[in-house]
Every structure is written in C-alpha cells, then in structure tokens.
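User: Could you take a close look at the empty space inside this protein for me? I'd like to know what surrounds it and how the neighbouring parts fit in.

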Amino acid sequence: MPLRSYGVLKGKAIEVRLGAGQSPHYQVRIVDDTTDYRIAVNVKSQLPPSDLEFIIIERFTHPLTAAVETLPRGFTPLKREPGSGALDLIRGNLFDRVNMRPLPFSVPGFDNDLNEKLDRVMQRAVADENALVYAFGERWGPEPATKDKYFGFLPGNGIHDIHMNQGNSGRFVGDDGVFQDGGLIVHFPDQQEWTAIFLKFQSQTWHTDDRTGHAITAPGPTPPQPQPPAPTPMPPPLPPLPTPDEPDGMVRIVGALVNSVKSPEIEIVTLLNTSPRDIDLKGWGLLDGQKRRQALSGVITAGGTRAIQVTAPVALSNKGGVVTLVDERGLKVHGVAYTKEQAQNPGWTLTF
C-alpha cells in the first residue's frame with residue numbers, strides 16, 4: 001500500500017549526524033515552535049546497487065516553493081494530488097533526470113560521498129538562524145515512552161522515506177504511489193535562495209503508472225559504478241543518449257509563451273527534436289500541472305523545432321506551473337516548470 005502518513009515537516013535544523021552502520025541514514029534534528037523531530041535520510045540502498053542516485057539543486061526555482069512557504073511550522077499532511085504541495089519526482093518536473101548520479105555514502109576524501117554532500121547543505125542550514133528545512137516523506141511517531149535514539153529528545157518522532165517512493169522493485173513494490181515522493185528543500189530567506197535535494201534508488205524505475213506508481217517499463221541498464229578516487233579529478237561521465245525504451249530528453253520543451261499579449265490569450269509550447277531522426281508525434285500528449293492532456297500529431301524533423309499552440313483542456317497558468325511531454329505509451333519524455341515571477345512579462349517566451 002502507499003505511504004500511510006505522507007506530508008511535509010517544516011522547521012529549524014539544529015543538529016546532524018552522518019550515516020553509518022549496516023543501514024546508514026543521515027540524521028537531522030528539526031524543531032518547530034513546540035516539538036522536536038528527527039528526519040532520517042537513506043544514504044545506502046538495501047537492494048543492489050547500493051549507491052543512491054542524487055541531485056542537489058542550488059538556487060532551486062519551482063512553483064512548489066510558493067505552495068509550501070506559507071505552511072505553518074510542524075508536520076502538515078498533504079493530499080496526493082497535483083497542486084497540493086506533494087512531491088512527485090517524475091510528474092512534478094522538479095529537475096532533469098539525466099543530472100542525477102550515483103554516489104557511495106562514505107569513501108575517503110573530501111566532499112566526495114553522499115554523507116558529505118548532504119552535510120554541506122545541512123550544516124549551512126544549522127548555522128543560519130533563519131533557514132528553514134522542508135522534509136517530505138512519511139511521518140512516524142510520536143512514541144511517548146521512547147526517547148529518540150540519536151538525539152535523546154522525548155517523545156521519539158520524525159520523518160523517513162525521504163526519497164522517491166514509486167517504481168520500486170522486490171519487497172518494496174507495496175510502497176508505490178504517485179505524489180508521495182520524499183525530498184528535502186531548504187529556504188535561506190536572507191539570501192532569497194532555495195536549495196533542493198532529491199534521492200532515488202537505482203533499483204527504482206523512472207517511468208511509472210499514473211494511478212498506482214508501479215513500474216510500467218523494466219529498469220534501464222544499471223549506471224556504471226563510481227571508480228575509486230583518482231589522484232586527479234576526472235570529469236563526470238556523459239549521460240546516456242535517449243532510446244525508444246528510455247526516451248527522456250529525446251524531444252525537449254525549450255520554450256513556453258504562458259502570458260500572451262493577445263486576447264484571447266494564445267499560449268505556445270516550443271519543442272526541439274534532439275535526435276537524428278524524424279519523430280511522429282501521433283499519440284503523444286502535452287500535460288499541464290493538473291495533468292490535463294492535449295493530444296499531439298504531425299512530425300517533428302530531426303534536429304528541428306515545432307511550436308505547439310496550447311488548446312483546451314490544457315492551460316498554462318500565469319501563477320506558475322508545469323508542462324510535461326509524454327509519448328504514445330504515456331512515458332515522460334521531458335518536463336519543465338516555471339514560477340509566478342517568471343510568468344510576469346507579457347508577450348515574452350520563457351526558455352528552458
């Protein structure tokens with residue numbers, strides 16, 4: 001069954017512990033106005049490959065931040081649907097999947113393992129008295145008779161499953177669901193910055209069913225395992241090219257006119273075919289933030305662009321939103337997001 005108590009915890013980070021042991025989790029102590037919590041972030045997978053995929057986005061911009069900024073401190077349950085503030089790493093267009101990479105949780109050296117990557121962000125959050133952490137995942141506790149085993153506060157209480165929670169394999173398939181993914185977002189208001197951290201197990205499939213969150217395609221090839229640290233830094237490996245089975249980025253959304261000067265408004269989404277072959281768009285679809293679908297047709301030539309006029313039921317809000325491109329099987333090919341602030345210049349096309 002999906003997660004039982006999904007939501008977001010908003011509070012101040014005051015203490016951290018690096019992940020260690022057989023099932024390591026990076027631990028963060030969070031406080032709101034009255035309660036202590038512990039958030040436990042997986043840094044090693046129980047299923048092979050053991051290294052988690054991660055992405056850290058500094059200067060994170062997405063309409064999600066406006067949705068959660070007004071929430072009270074403490075834990076807020078979230079509806080598992082678009083626009084509620086719930087995370088969906090696939091459907092929310094929070095980042096480009098090809099920028100995720102696997103990393104061991106602990107290796108010798110400086111700033112080269114997942115513990116240290118998380119610690120760099122969270123130590124900054126601890127040091128900044130005005131920084132607030134938003135931890136998305138499943139609530140556990142409170143446990144009135146049990147002190148927290150890491151930080152000693154009473155009652156034990158917190159958030160876990162702070163990672164993608166769909167496309168699972170093996171014994172974890174029962175945890176699948178849509179709009180219930182975990183993640184960490186940190187707001188640094190003095191610098192007007194948001195930093196986002198998203199995690200995924202390599203055993204999880206990226207393409208999932210829109211209703212159940214179960215995998216709808218077999219996992220792609222296992223990404224190459226990182227090599228031991230070299231004496232001189234090596235550039236990261238290039239992301240794999242899109243394929244028919246893993247079409248991410250084959251056609252990309254490169255522009256969107258969401259605030260037209262014409263009346264009635266004419267909204268345009270511009271597509272770019274990055275592949276060396278013509279692509280028939282028959283059966284493909286364009287989705288807005290509410291997952292309303294506009295059917296596409298015609299051919300986009302190799303290396304060519306195509307401007308798509310948005311038609312009902314799809315609508316691009318001037319208050320921020322997401323735009324997603326799916327193929328004839330419903331697999332996500334590309335997705336983008338924009339904020340209310342980015343949409344405030346009438347007649348200008350946003351570029352992605």
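Analyst: Happy to. A cavity here is a set of grid points where a 1.4 Å probe fits but cannot get out, and its volume is the space filled by probe spheres set on those points. Please keep in mind that this is a predicted model.

Let's begin with the enclosed spaces. Searching the whole structure turns up two cavities of 30 Å³ or more. The largest cavity holds about 90 Å³ of space. Its lining is made up of F95, D96, R97, V98, W206, D248, G249, R252, K332, V333, H334 and G335. Strand β19, residues 332-339, gives the most to this lining, with four residues. Sorted by class, the lining of the largest cavity has five charged, four nonpolar and three polar residues.

Two of those lining residues lead us outwards. Start with D248, which is part of the lining of the largest cavity. The side chain of D248 makes a polar contact with the side chain of H207, at 3.3 Å. Where does H207 lie? H207 is found in the loop between β10 and β11 (251-257). H207 counts as buried because its relative accessibility is 1%, and the cut-off for buried is under 20%. H207 also brings together distant stretches of sequence: its C-alpha atom is 6.0 Å from that of L331, although the two residues are 124 apart along the chain.

The other residue to follow is W206, also in the lining of the largest cavity. W206 belongs to a nonpolar core of 28 residues, which also includes I57, L89 and V178. In soluble globular proteins, nonpolar side chains tend to be buried together. That core is separate from the largest one, which has 32 residues, with I39 and M122 touching the most other members. Within the largest core, α2 (114-127) is among the elements that give two or more residues, as are β1 (6-17), β2 (25-31) and β7 (132-143). The largest share, five residues, comes from α2. Leaving aside residues up to four places away in sequence, M122 touches A13, V16, Y26, V28, V133 and V186.

Now for the second largest cavity, which holds about 30 Å³ of space. V258, N259, Q342, A343, Q344, N345, W348 and L350 line this cavity. Here the classes are four nonpolar, four polar and no charged residues, whereas five charged residues line the largest cavity.

Finally, a look at an open space. The second largest pocket holds about 530 Å³. Its lining has 30 residues, of which P63, G83, Q290, G320 and G321 lie nearest the centre. Two elements, α1 (63-69) and β18 (320-326), give two or more residues to this lining. Of the elements, α1 gives the most, with four residues. By class, the lining of this pocket has 13 nonpolar, ten polar and seven charged residues.

To pull the main thread together: D248 lines the largest cavity and makes a side-chain polar contact with the buried H207, while W206 lines that cavity and is part of the 28-residue core.

Note on methods
Residues numbered from 1 in each chain as written. Predicted model: local features only at pLDDT ≥ 70, side-chain atom pairs only at ≥ 80, totals over all residues. Heavy atoms only, no water. 1 Å grid on protein atoms, 1.4 Å probe; cavity = no way out; pocket = protein on both sides within 12 Å on 5 of 7 lines; lining within 4 Å. Nonpolar A, V, L, I, M, F, W, Y, C, P; charged D, E, K, R; others polar. Core = buried A, V, L, I, M, F, W, Y, C linked by side-chain atoms within 4.5 Å. Buried < 20%, exposed > 50% of the residue type's maximum accessible area, 1.4 Å probe, protein only. Contact = heavy atoms within 4.5 Å. Polar contact = N/O pair within 3.5 Å; in protein donor to acceptor, adjacent residues only side chain to side chain.
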